[in-house]
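Here are a few exercises to work through with the model open beside you. Try each task before you read its solution.

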Amino acid sequence: MTALINRLLRVAPGEWPKLAPFALLGFLLQMGLGIGFSAGDAAFLAHAGADNLALIFMMTPGVMLLYTGVFSYLLVRYSLDHVVDATIGLLIAGGLLSYAILGMALPPSWELPVYFGLKLYLAMWYIALYSLFWNYTDAYFTIQDGKRLFPLLAAATAFGMTCGGLIVSQLAGSVSLRGFFLIWSGVAIVTLPVAMLLRRRWAKIADSDVEEGDGSVTEQVGEVAATFRTSRYTLVLTLVLFVTLLLTNLAEFQYSTVFQQGRSEAELASLLGKLYAGANIFNMFICLFVFNRLVGRIGVRNVALIMPLSYFAAFGFLFVTGSFEGALAAFFAYHGILTSIEYNNQNMLFNAVPSATKRPVRTIVEGMAEPLASFVAGGFLLIAADRMDMRELSGIGVILGVALLLIVILLRQLYPAAMARNMQAMLLDFGQHAAPPAPSAAEPASAATLLNRLRSPDRAERERAMAQLRATRDVEAVPQIVSSAAWLGPRERHAIEHLIADWGDTAIPRLAAELGDPDQHPIARALAGRALAKLSLPLFTSRLDALVRGELERARPRSALAETLEAVPEPSRATRTLARFYRQQVGTATDLVIELLAIGGRLPDFDLLVVSLHSQNPKVRANAIEAIENGVDRPTFLMLKELIDRRPSAAVAARPLIDLLDERLASTNPIELVAAAQAIRDLAPPAEWGPRLRKGLRPGIGRTARATIATLLGLDGAARHTLVDRIDAIAALPAFAPATIEVQTRLAMILRDDRPAPDAIAVTMADGSQHWLARHEVMDFASRYADLALSMYRATDDRSYAA
């Protein structure tokens, strides 16, 4: 039953302990607000009337200016946790004060100001509690988790509003309106320990991998101002919220005018309580079962189109009918669609705002831009309400709905690029590709003699070989040149790419063949793809979808094999190495797919995306996934996400592991072959070793693989240690442990029995024997393989890094 609920709500195992306290916090905050809002709205409409809503709209910015200034200062001066505590304290005091004031025998001249103050108080908390809760919650979840879990939290807040509305609806005949504010105060008292316990149990997630200074209030204000100057996306998002609130205020004026006609204070309280309850039951259903599937299916950008279309339809219906049903449509567009879909989606849209200023920007936008919309709407209604009938006001709503739709379409176009820029800002500056080295003059030589020199440990020798290859213009050597790319560093690969592209169209057929060869090294295939795109982008684009699908489909069985090997009860060196190998193969495949998609123009900067995906910061990683989701079609994204998330694969084989390993003996990859052979030796009965392992002794497998199988079979003259033994010993060293198995294998190949120099690196085998790595050879490898260089650097520094 638990598994069914988790699958239905899209909650991963183990997430409920974190999700539940946040849901409870949202429920309690909104239940209190629902009680105060239902009772307060009824009191305002009964004592002040809907005609005065225009003045409320105009006065709201003043209240919010004060609140936003204080809130922003406290947010910078103190932690968000302390601001939450202070807010709940104000709710307690505000409820008690409202109860006291509404019970006083005030002179008639004070009645209108009191109810104006009450309505403004409610308007402030309606905006402030929403902003506070989601700012607070956002600090604990990534965007990808948020797309699944925020709708559930929104459902909890909707359920809170529902309960608050039902409490007022059911008790309106027996409890005075001021009594409901006393109840709100009691709910706030219960809320405080929930907030305190929550932050003690769970840690916040940093917004970036770059350490952020605290900064003064003045500095933060300057950064926010710079964000509005430099981020077009932030400006358009602010405009979207502004126009949305114009429509919201117009909708509230329209339905309030209809609802107040012919109803007493108690009847209004009962009607509004039922409507708030009904709207929030709808919101709960949308949040629990619809929103996360909707945003997962069509994406954040497309969900943003729903709100303008809803307001357009609601005002269109009100324009045509001018009826109570039309007012209900406006009410549910506001309290239903806006709350359950638009507000949830805005939580995602804010992730594309520059991360350094996201919280203060959101506070200012929600605390000032939205009330400014209320001021504009209020000023307009104050002038026009007496001169225009409901049909004419609804016509203006239709026009604004069309305007909002056009603005959202612009926002939709800006979103992917804004996410990409945000990712870049959240990481260190990785710079641009280095320019290819200038070729040195050299005597011409044949491509049969030059290709081997590309693998030389001497960098100068490799550069001379590339210069001579450039001069030969031997397109027949393109496959061999591309294959050599895996032995070269990034700068040298970039030079090779330019070298081949300079040879022109004659290289296209060979590049296309290398790109499509699944047995070719991924680094070589990526180089071929970049060179091919430079020579013939239409040809590259025409093959891109097939290349991506093929690579992802080949990666899925590797993921399944890794899961099977990781589940071995007593893992051996070989099963650990092979499982790691398959995991890294899956990672390499996804990296290749992302690079090909970036070359084809469907994704932003490849280096930035890959570094972000490998980040240890969950928010940075989730933003990279979001950027990918917005750049590719849904089937491709689902296949990619399954591999990126390392989800349990549906393709996990039911066949015995030993039979699967037998099949791996036919692999053309020497690492996979020797690891599979040793895993068979570890798992199979001794009587089966010979028949099974001899299958791997086929022509053309290479000396290292042949020597390893000979050692496993115990043949005379065989080496003492297998390649897997040497890889495992190298992986045990902190300086080399995070490096890829491919790099560890290349280090294993240059292990020596004798110490070559005093600064040589000792490698201790499992049996205690020592072997040695020449330090200058290790440093040469580090200059060519970035993961080895980073691994060695991080071994000397305990700080956290992006990858």
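Helices here are DSSP runs of at least four residues, numbered from the N terminus. The model is a predicted one.

**Exercise 1. Place Phe180: which helix holds Phe180, and is Phe180 buried or exposed?**

Solution.
- Start with the helix: Phe180 belongs to H7, which covers residues 177-201.
- Next, take the accessibility. Buried means under 20% relative accessible area, and Phe180 has 0%, so Phe180 is buried.
- Now look for its partners. Beyond the neighbours within four places in sequence, Phe180 touches Ile35, Ala39, Ile167, Val168, Leu171, Ala172 and Val175.
- Finally, compare sequence with space: Phe37 is 143 residues from Phe180 along the chain, while their C-alpha atoms are 9.8 Å apart.

**Exercise 2. Classify two ring pairs: what are the geometries of Tyr136 with Tyr140 and of Phe259 with Phe331?**

Solution.
- A pair of aromatic rings is described by the distance of the centres and the angle of the planes.
- The structure has 27 aromatic pairs. In one of them, Tyr136 and Tyr140 have centres 5.5 Å apart and planes at 70°, an edge-to-face arrangement.
- Check burial too: Tyr136 is buried at 1% relative accessibility, and Tyr140 is buried with a relative accessible area of 1%.
- For Phe259 and Phe331, the centres are 6.1 Å apart and the planes meet at 55°, so this pair is tilted.
- Phe259 sits in helix H9 (residues 232-260) and Phe331 in helix H12 (residues 324-349), so their pairing ties together parts 72 residues apart in sequence.
- Both rings belong to buried residues: Phe259 has 1% relative accessibility and Phe331 has 0%.
- To widen the view, Phe259 and Phe331 share one aromatic cluster with other residues, including Phe37, Tyr126 and Tyr255.

**Exercise 3. Find the charges over rings: which ring lies under Lys18, and which under Arg178?**

Solution.
- The charged end of Lys18 is placed over the Phe141 ring, 4.5 Å from the ring centre.
- Arg178 lies over the face of Tyr99, with 4.1 Å to the ring centre.

**Exercise 4. Check helix H3: what span should its 25 residues have, and where is its kink?**

Solution.
- H3 runs over residues 53-77, and at 1.5 Å a residue its expected span is 36 Å.
- The end C-alpha atoms are 35 Å apart, which agrees with that expectation.
- Then locate the kink: H3 bends by about 30° at Met59, shortly before the proline Pro61.
- Pro61 is itself among the buried residues of H3, as are Phe57 and Thr60.

Methods:
Residues are numbered from 1 along each chain as its sequence is written. This is a predicted model: local features need pLDDT of at least 70, side-chain atom pairs count only at pLDDT 80 or more; totals for chains, interfaces and linings use all residues. Side-chain values use heavy atoms; hydrogens and water are left out. Rings of Phe, Tyr and Trp (its six-membered ring) pair if their centres lie within 6.5 Å; planes under 30 degrees apart count as stacked, over 60 as edge-to-face and the rest as tilted. Buried means under 20% relative accessible area, exposed over 50%, partly exposed in between (1.4 Å probe, protein chains only). Helices (H or I, at least four residues) and strands (E, at least two) are DSSP runs, numbered from the N terminus. A charge sits over a ring if NZ of Lys or CZ of Arg is within 6 Å of the ring centre and within 35 degrees of the ring normal. Contact means heavy atoms within 4.5 Å. The expected span of a helix is 1.5 Å times one less than its number of residues. The bend at a residue is the angle between axes fitted to the seven residues ending there and the seven starting there.
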